[in-house]
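Trainee: I would like a close look at a single part of this model, taken slowly and with its surroundings kept in view. Could you begin with one side chain and work outwards from there?

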Amino acid sequence: MPLYRQANTYQYLMDEAITGNPEILSAQELHNEAWPIVETDFQKSQEGFLEQFHQLFSGDTGKASNNLKEIVSAAYYQRVDSLLVAVGQQQWGLFDPTSERVYLHPQKETGDEDLLDFVAAHTLLNGGTVYAVPPEQVPYIL
């Protein structure tokens, strides 16, 4: 482990580690071993982001939004650094990148996708961070 730490340049390398061969662990077992190691740092990061979001959102800076139509387009075009998404919530609709129009539907219609999953996936694919939080921690979505 000390040699690996010396050679590794990853800035988020944790002090604590999972020992043994992780290849023999199931995904759930690996998660169960890893979560206690990362939980505190993750919670601090999430709290810091929530505080920053509320400051930016209340300051009307244009750098934070709760308008899903804006967020869908921004996530698609790699303009979302961090995202709050409510666990267990769905918003059905479509995004047409050609016209940059977002269509929201109260119920799933043919061809729809969950736009909350869409923005989360595009945020992650573009190097952003996604925080899945209880619905009450997400500002009202427009």
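Mentor: Let us begin with T123, whose side chain reaches the backbone oxygen of V119 at 2.7 Å. This is a predicted model, and what follows should be read with that in mind. T123 is found in helix α4, and, at a relative accessibility of 1%, T123 counts as buried because the cut-off for that word is under 20%. An α-helix has 3.6 residues a turn, so residues three or four places apart point the same way. Leaving aside neighbours within four places in sequence, T123 is in contact with A75, V80, D81, L83, G128, T129 and V130.

H122, the next residue to consider, also lies in helix α4. Its relative accessible area is 19%, so H122 still counts as buried under the 20% cut-off. Apart from neighbours within four places in sequence, H122 is in contact with A75 and Y76. A75 therefore appears in the contacts of T123 as well as in those of H122, while T123 itself is buried at 1%.

Taking the helix as a whole, α4 spans 115-125, and its buried residues are L115, L116, F118, V119, A120, H122 and T123. V119, whose backbone oxygen is reached by the side chain of T123, is thus among the buried residues because the list for α4 includes V119 and the cut-off is under 20%. The cover over these buried residues includes α3 and β1, together with β2 (92-96), β3 (101-105), β4 (113-114) and β5. At the start of α4, a side-chain oxygen of D114 reaches to within 3.0 Å of the backbone nitrogen of L116. Beyond the other end, α4 is followed by G127, whose phi is positive, near 85°.

The contacts of H122 and T123 with A75 lead to helix α3, which spans 68-76 and in which L68, I71, V72, S73, A74 and A75 are buried. The cover over the buried residues of α3 includes β1, β2, β3 and α4, just as the cover over the buried residues of α4 includes α3. At the start of α3, a side-chain oxygen of N67 reaches to within 2.9 Å of the backbone nitrogen of K69. α3 is followed by Q78, which has a positive phi near 60°.

Both helices have β2 and β3 within their cover, and these two strands run antiparallel, joined by 5 bridges. Within this pairing, F95 stands opposite V102 in β3. The hairpin of β2 and β3 has 4 residues between the strands, and in this hairpin E100 takes a positive phi near 60°. H105 has its place in strand β3, and, with a relative accessible area of 14%, H105 is buried. H105 and Q91 are 14 residues apart in sequence, but 7.3 Å apart in space when taken from C-alpha to C-alpha. Leaving aside neighbours within four places in sequence, H105 is in contact with Q91, W92, G93, L94 and D112.

The surroundings of α4 also take in a pocket. The largest pocket has a volume of about 780 Å³, and of the 33 residues that line this pocket, the closest to its centre are F53, S65, N66, I71 and L83. I71 is one of the buried residues of α3, and L83 is one of the contacts of T123. α2 (27-58), α3, β1 (82-86) and α4 each supply at least two residues of the lining, and β1 gives the most, with 5 residues. By class, the lining of the largest pocket has 21 nonpolar, 8 polar and 4 charged residues.

To return to the starting point, T123 is a buried residue of α4, with its side chain 2.7 Å from the backbone oxygen of V119 and with contacts that include A75, L83 and V130.

Conventions. Residues are numbered from 1 along each chain as its sequence is written. This is a predicted model: local features need pLDDT of at least 70, side-chain atom pairs count only at pLDDT 80 or more; totals for chains, interfaces and linings use all residues. Side-chain values use heavy atoms; hydrogens and water are left out. On a 1 Å grid over the protein atoms alone, a cavity is a set of points where a 1.4 Å probe fits but cannot get out, and a pocket is an open set with protein on both sides within 12 Å along at least five of seven lines; lining residues have an atom within 4 Å of a point. Grid points are joined across faces, edges and corners, and a volume is the space filled by probe spheres set on the points. Ala, Val, Leu, Ile, Met, Phe, Trp, Tyr, Cys and Pro count as nonpolar, Asp, Glu, Lys and Arg as charged, and the others, Gly among them, as polar. Buried means under 20% relative accessible area, exposed over 50%, partly exposed in between (1.4 Å probe, protein chains only). Contact means heavy atoms within 4.5 Å. A polar contact is a pair of N or O atoms within 3.5 Å; within protein, one must be able to donate a hydrogen and the other to accept it, and residues adjacent in sequence count only if both atoms are side-chain atoms. Two strands pair if DSSP finds at least two bridges between them.
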